[in-house]
Amino acid sequence: MKAVYTERHRSHDPQFFLGRGVVKRTTEQPERADRLLTGLAAGKHTLVEPTAFGQGPLLRVHSPDYLRFLAEAWDAWTALGDAGTEMIANIHPQRHAATYPTHIVGKLGWHTIDTACPIGPGTWDAACAATDVAASAAQLVMDGESAAYALCRPPGHHAYRDQASGFCFLNNSAVAAAHLRLKHERVVILDIDVHHGNGTQGIFYESPDVLTISIHADPSQFYPFVWGYAHERGAGPGLGANLNIPLPLGTRDDGYMQALGVAEKAISAFAPGALAVALGLDASEHDPLASLAVTTEGFRRIGAAIARIGLPTVFVQEGGYLSDLLGTNLTSVLAGFEQAR
Ligand SMILES: [Zn+2]
């Protein structure tokens, strides 16, 4: 299948990660894309450059003040004169009775949920490029391809309408889904990353025309801890259009496929015109963040099950971190899909 990719992701090279009080290098590194490219080459997929869509796709899912903040953040940060080499907030305010701040340090706190989204000099450009990659893959499918893959980096599914978190700044899967909505009345986002797709859920929580489904490790034991529970079903006109399927830590292929079966039934009942798959590969048993235990063969089965849903499908890369099997698992999920089509 066609795989959309650009080298522009390399300008985002974050370093800082804080976990359990320990500072270490983040796992969201540019080398991830090299491993994924190896996986695409092994599957003989065709690389294509993204189209530049400008701000249109972004404004469908993000607020103007958030986009302005991200665009201007690095210059304002360096103008402080005594700031560090990456933007990391020291406040994360709750917003009741709060006033939108004018100072860059205040805005940084306002627009970030956690410390896992450090902003550097090239973050904005890379994040924008990733949304072009996602929208371009969606456009390929709208133009008649039965499926396309978007190699997005940085990932997107933890990004809300106006907040970054968990390595994510702009929500690529949401951008792809909103792009598909230009043609289809109803679309589905199926998030198979090991982490709950909290940002995506937040963006579409009151939308009746985008069904969001996330299969992930039990948030009572795992990031993001405060979202991802089964009782979160959507709100207002979107009530019933959000489905969370948390899985016990250590769940293996058969348990995962059962959850996917539940998702398939919900998708079928929703009768959508197209599908965006938030394709995290970090449910792998060999992922450094592993909490589930999906095998390479399991990823092939997942790809085949997604193919049998029978919808025009956009795969949007989300998580999946450095392991010897990162590229292999991408090859496997896409091969499973193509063999079952
Ligand atoms: Zn993840």
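# A tour from helix packing to ring cluster

Select first helix α9 (residues 296-309) together with α10: their axes come within 7 Å and cross at roughly 35°. Axes here are lines fitted to C-alpha atoms, for helices over the stretch in contact, and angles run from 0 to 180 degrees between N-to-C directions. Helices (H or I, at least four residues) and strands (E, at least two) are DSSP runs, numbered from the N terminus. The α9/α10 crossing is right-handed; that is, the near helix is turned clockwise from the far one by less than a right angle, whereas an anticlockwise turn would be left-handed. Display the side chains next: on α9 the contact includes Phe299, Ile302, Gly303 and Ile306, and on α10 it includes Ser332, Val333, Gly336 and Phe337. Contact means heavy atoms within 4.5 Å.

This is a predicted model, in which local features need pLDDT of at least 70 and side-chain atom pairs count only at pLDDT 80 or more, while totals for chains, interfaces and linings use all residues. Residues are numbered from 1 along each chain as its sequence is written, and side-chain values use heavy atoms, with hydrogens and water left out.

**The sheet**

Now select the open sheet of eight strands, whose order is β4-β1-β5-β10-β9-β6-β7-β8, with parallel pairing. Two strands pair if DSSP finds at least two bridges between them. At the edges stand β4 (46-48) and β8 (242-247); each has a single partner strand, so one side of each lacks a neighbour in the sheet. On average, neighbouring strands are turned by 20° against each other, direction ignored.

Within this sheet, focus on β5 and β10, which pair in the parallel sense over four bridges. Ala147 has Thr313 as its bridge partner in β10. Then add helix α5 (residues 123-142), which packs on the sheet and touches β1 (2-4), β4, β5 and β10. The direction of α5 makes about 175° with that of β5.

**The hairpin**

Move to β2, which four bridges join to strand β3 (residues 22-25) in an antiparallel arrangement. Phe16 has Arg25 as its bridge partner in β3. Two residues lie between the strands of this hairpin, and Arg20 takes a positive phi near 55°.

**The rings**

Where do the aromatic pairs lead? Ring pairs link Phe17, Phe167 and Tyr321 into a cluster. Rings of Phe, Tyr and Trp (its six-membered ring) pair if their centres lie within 6.5 Å; planes under 30 degrees apart count as stacked, over 60 as edge-to-face and the rest as tilted. A search of the whole structure finds five aromatic pairs. In one of these, the centres of Phe17 and Phe167 are 5.9 Å apart and the planes stand at 55°, so the pair is tilted. Phe17 belongs to strand β2 (residues 16-19) and Phe167 to the loop between β5 (147-150) and α6 (172-180), 150 residues apart.

Is Phe167 buried or exposed? Phe167 is buried, at a relative accessible area of 9%, while Phe17 is partly exposed at 23%. Buried means under 20% relative accessible area, exposed over 50%, and partly exposed in between (1.4 Å probe, protein chains only).

Phe167 also forms an edge-to-face pair with Tyr321, at 5.7 Å centre to centre and 70° between the planes. Tyr321 lies in the loop between β10 (313-317) and α10 (326-340), so this pair ties together parts that are 154 residues apart in sequence. Tyr321 is buried, at 4%.

**The last stop**

Finish at Ser323, found in the loop between β10 and α10 and buried at 10% relative accessible area. Leaving aside neighbours within four places in sequence, Ser323 is in contact with Arg35, His286 and Pro288.
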